[in-house]
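Thanks for coming. I will go through one structure this morning, starting with some backbone details and ending with the core. Please have the model on your screens.

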Amino acid sequence: AAEWGYTKRNGPFTWAKNYPTAAGIRQSPVDIDTALATSDSSLESKPLRWKYVPQNTRTIVNSGHGWRVDVDSEGSELVGGPLEGTYKLQQFHCHWGSSSDKGSEHTVDGQSYAAELHLVHWNSSKYADCGEAADYPDGLTVLGVLLKVGAKNPELQKVIDLIPSISHRGEKTEVKEAIDPAKMLPKTLSYWTYLGSLTVPPCNESVTWILFKEPVEVSEEQLAAFRSLRCYKRGEECPCDEVDGLLISNYRPTLPLGTRELRECGS
Ligand SMILES: COCCCN1C=C(N)c2cc(S(N)(=O)=O)sc2S1(=O)=O
Ligand SMILES: [Zn+2]
């Protein structure tokens with residue numbers, strides 16, 4: 001089957017053809033209608049806590065859909081908030097748009113941000129690995145961070161510096177200078193949480209989403225670097241009808257929240 005992507009030919013509106021779950025009722029991303037959010041004392045009573053091991057950020061790869069930093073899950077943990085049990089960090093990646101007026105996957109009261117960072121965790125209390133966890137409704141948790149244009153982000157700069165060596169699909173390189181995921185999170189830890197899905201095929205409905213309220217800054221130059229990635233392999237001609245195969249946009253438009261509950265913690 002033609003590989004899914006973000007162009008008119010293989011983009012989000014075509015995914016349900018090959019990935020029927022993409023047409024489900026627990027899909028992500030969604031628009032966060034802040035008036036709908038209910039604050040929940042049980043969330044306030046169990047603060048979200050995480051521990052990451054910067055030395056465990058191993059490789060960065062051009063997946064053809066964006067960049068992804070794969071992490072050795074050992075030593076990491078995410079607990080508390082809406083979560084039962086312990087979740088371990090598997091990878092982190094980003095979504096962006098062709099210009100900085102769009103690019104985030106979640107929107108807030110209809111407002112898009114320039115990009116969105118996702119830290120993907122899997123339920124190590126119940127499952128053996130991320131792949132298995134992705135098949136269960138409580139298998140995954142993704143911490144989402146909204147990115148807005150502003151100052152250069154020093155931690156993300158370590159990713160940007162590696163982009164030239166993964167310019168084409170399938171290319172990967174060692175992450176030599178440890179990247180600390182904790183340094184990419186906002187200062188205030190208020191968040192919204194709801195039950196959703198992977199925002200990429202197969203769109204498994206297995207994600208507890210935790211989206212921080214406070215955006216983090218990234219510079220226009222850093223966003224431009226993201227858009228310099230190519231969605232095809234070196235030596236192959238460009239399959240996508242995108243501007244010479246540049247990955248200028250890799251976000252999924254929002255899906256209806258439907259009857260799902262949207263909870264918030266912190267102001
Ligand atoms: C059955 O699993 C197949 C592999 C899915 N994975 C790959 C992604 N690109 C990915 C993206 C994710 S996102 N955009 O929802 O955070 S989570 C996730 S993932 O679970 O780590
Ligand atoms: Zn993502």
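Start with Pro29, which sits in the loop between α1 and β1, the strand at 31-32. This is a predicted model, so keep that in mind throughout. Pro29 is joined to Ser28 by a cis peptide bond, with omega about 5°. There is another cis bond, from Pro201 to Pro202, and its omega is near 10°. Pro202 belongs to the loop between β12, residues 191-196, and β13. As background, most peptide bonds are trans, and most residues other than glycine have a negative phi.

That brings me to phi. Cys203 has a positive phi, near 60°, and is not a glycine. Cys203 is also in the loop between β12 and β13. Is Cys203 buried or exposed? Cys203 counts as buried, because its relative accessibility is 0% and the cut-off for buried is under 20%. Asp109 is another non-glycine residue with positive phi, near 50°. Asp109 lies in the loop between β8, residues 107-108, and β9. With a relative accessible area of 47%, Asp109 is partly exposed.

Now Trp15. Trp15 is placed in helix α1, which covers residues 15-18. Its relative accessible area is 1%, so Trp15 is buried. What does Trp15 touch, leaving aside neighbours within four places in sequence? Its contacts include Trp4, Gly5, Tyr6 and Asn10, and, further along the numbering, Thr199, Val200, Pro201, Cys203 and Arg252. Two of those names, Pro201 and Cys203, came up a moment ago: Pro201 at the cis bond and Cys203 with its positive phi. As for Glu3, its C-alpha is 9.8 Å from that of Trp15, and the two residues are 12 apart along the chain.

Next, the metal. Which protein atoms are donors to the zinc ion, ligand 2? They are NE2 of His93, NE2 of His95 and ND1 of His118, at 2.0 to 2.1 Å from the zinc ion. The spacing of these donor residues in sequence is H-x1-H-x22-H. The site has 4 donor atoms with angles of 100 to 116° among them, and it is tetrahedral. His93 is buried at 16% relative accessibility, and His95 is buried with a relative accessible area of 3%.

Ligand 1 involves some of these histidines. There are 14 residues around ligand 1, and those that come nearest are Gln91, His93, His95, Leu198 and Thr199. A polar side-chain atom of Thr199 is 2.7 Å from a nitrogen atom of ligand 1. For His93 the corresponding distance to a nitrogen atom of ligand 1 is 3.3 Å, and for His95 the value is 3.3 Å. Thr199 is also one of the contacts of Trp15.

Last, the core. In soluble globular proteins, nonpolar side chains tend to be buried together. Here the largest nonpolar core has 44 residues, and the members touching the most others are Trp67, Phe92, Leu143 and Leu147. Elements that each supply at least two residues of this core include β5, β9, β10, α4 and α5. The largest share, 5 residues, comes from β7. Beyond its sequence neighbours within four places, Leu147 is in contact with Cys94, Tyr113, Leu117, Leu156, Val216 and Val218, among others. A second core, separate from this one, has 22 residues, among them Ala37, Val120, Ala133 and Val207.

Note on methods
Residues numbered from 1 in each chain as written. Chains lettered and ligands numbered in written order. Predicted model: local features only at pLDDT ≥ 70, side-chain atom pairs only at ≥ 80, totals over all residues. Heavy atoms only, no water. Core = buried A, V, L, I, M, F, W, Y, C linked by side-chain atoms within 4.5 Å. Buried < 20%, exposed > 50% of the residue type's maximum accessible area, 1.4 Å probe, protein only. Helix = DSSP H or I, 4+ residues; strand = E, 2+ residues; numbered from the N terminus. Contact = heavy atoms within 4.5 Å. Donors = N, O, S within 2.8 Å, 3.2 Å for Na, K, Ca; no water. Tetrahedral: all angles 85-135°; square planar, octahedral: opposite > 155°, others 65-115°. Near = heavy atom within 4 Å. Polar contact = N/O pair within 3.5 Å; in protein donor to acceptor, adjacent residues only side chain to side chain.
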